[in-house]
Amino acid sequence: MEEDTVKRIGIIGVGEIGRAIVTGLHHGGGASPEVFLSPRGARMAAELSERYEGVEVCADNQEVVDRSELVILAVRRQDWHGALAGVRVGGDRIVVNVMAGVGNDDLRRTLGTNAPLVRAIPLPTIRERRSVTVVHPSHPGVDSFFARMGGALPVADEAAFNVLSALTGTLTTHYAYLATLASWAADHGIAPDDADRYVRGLFQGVGRSLGDETRSLDRLAADHETPNGNNERIRTTWFDPANVEALTKALDDLLADLA
């Protein structure tokens, strides 16, 4: 199924990622498929249906499946068995599993379906169509859908999928790092609002430089550093081998839990 033939999309589990997907579908205007939302997360689902034309809240999860061609499962890991118990999925549907830590084999047993199941890792920036979404296995309809939403990155096997899934576990650490910098500046007499504004501006510039794919990440780091300069000093004294080893171990432990 080509993406432009997908006219009806269902989302079961309307949390932050569900909301980001709906927002991304309407980002920039233009035609958007019909969207059917589960009643789970009722307040957010109602808000989305009021904000966007063609977005409707269904009576239950079975209705979401029945009215959709492509069904996105975004239920929290601890809730998914209960949310999907008894839901029937025909083989003519496409199911996109965005539930962290829920493998397709387990999901297929629960749903008892022969429909295509594709795992995906949409990030919050999908709301602005700036998120590269990892998918496994590759499926033409799913790949095209996420390509429209900012980019699709199909991977060959579940092991590779889990490695990239583990990387998403570092997002809030990055925000906490920035908050620590702003807090340090405030502790040294900078007004908290000014410290916050400066840190945001400093790293928004870093974000823009990441768009230059002609330079590797190592090259970008080197280009922002001078011998014996301030950046080199912080990198070598704080982000030292012990720090690198601790980060690597944390990622390895997370990967072991995801496998």
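**View A. Contacts of L37 in the predicted model.** Apart from neighbours within four places in sequence, L37 is in contact with I11, V14, V22, A45, L48, V55, E56, V57, C58 and V64. In the largest nonpolar core, which has 29 residues, L37 and I72 touch the most other members.

**View B. Elements that build the largest nonpolar core.** At least two residues of this core come from each of β1 (8-12), α1 (16-25), β2 (34-37), α2 (42-51), β4, β5, β6 and α6 (140-148). Helix α1 gives the largest share, four residues. A second core, separate from this one, has 20 residues, among them I12, C58, A83 and L111. In soluble globular proteins, nonpolar side chains tend to be buried together.

**View C. The two sides of helix α5 (residues 104-111).** N104, L107 and L111 are buried. Viewed down the axis of α5, these buried residues fall within an arc of 60° and therefore line one face of the helix. An α-helix has 3.6 residues a turn, so residues three or four places apart point the same way. D105 and R109, on the other side of α5, are exposed.

**View D. Surroundings of helix α5.** The cover over the buried residues of α5 includes β4 (70-73), α4 (80-84), β5 (94-97), β6 (117-121), β7 (133-136) and α7 (158-167). G112, just after α5, has a positive phi of about 60°.

**View E. N162 in helix α7.** N162 counts as buried because its relative accessibility is 7%, where the cut-off is under 20%. Not counting residues up to four places away in sequence, N162 touches R119, L255, L258 and A259.

Methods: Residues numbered from 1 in each chain as written. Predicted model: local features only at pLDDT ≥ 70, side-chain atom pairs only at ≥ 80, totals over all residues. Heavy atoms only, no water. Buried < 20%, exposed > 50% of the residue type's maximum accessible area, 1.4 Å probe, protein only. Arc of directions from axis to C-beta. Contact = heavy atoms within 4.5 Å. Core = buried A, V, L, I, M, F, W, Y, C linked by side-chain atoms within 4.5 Å.
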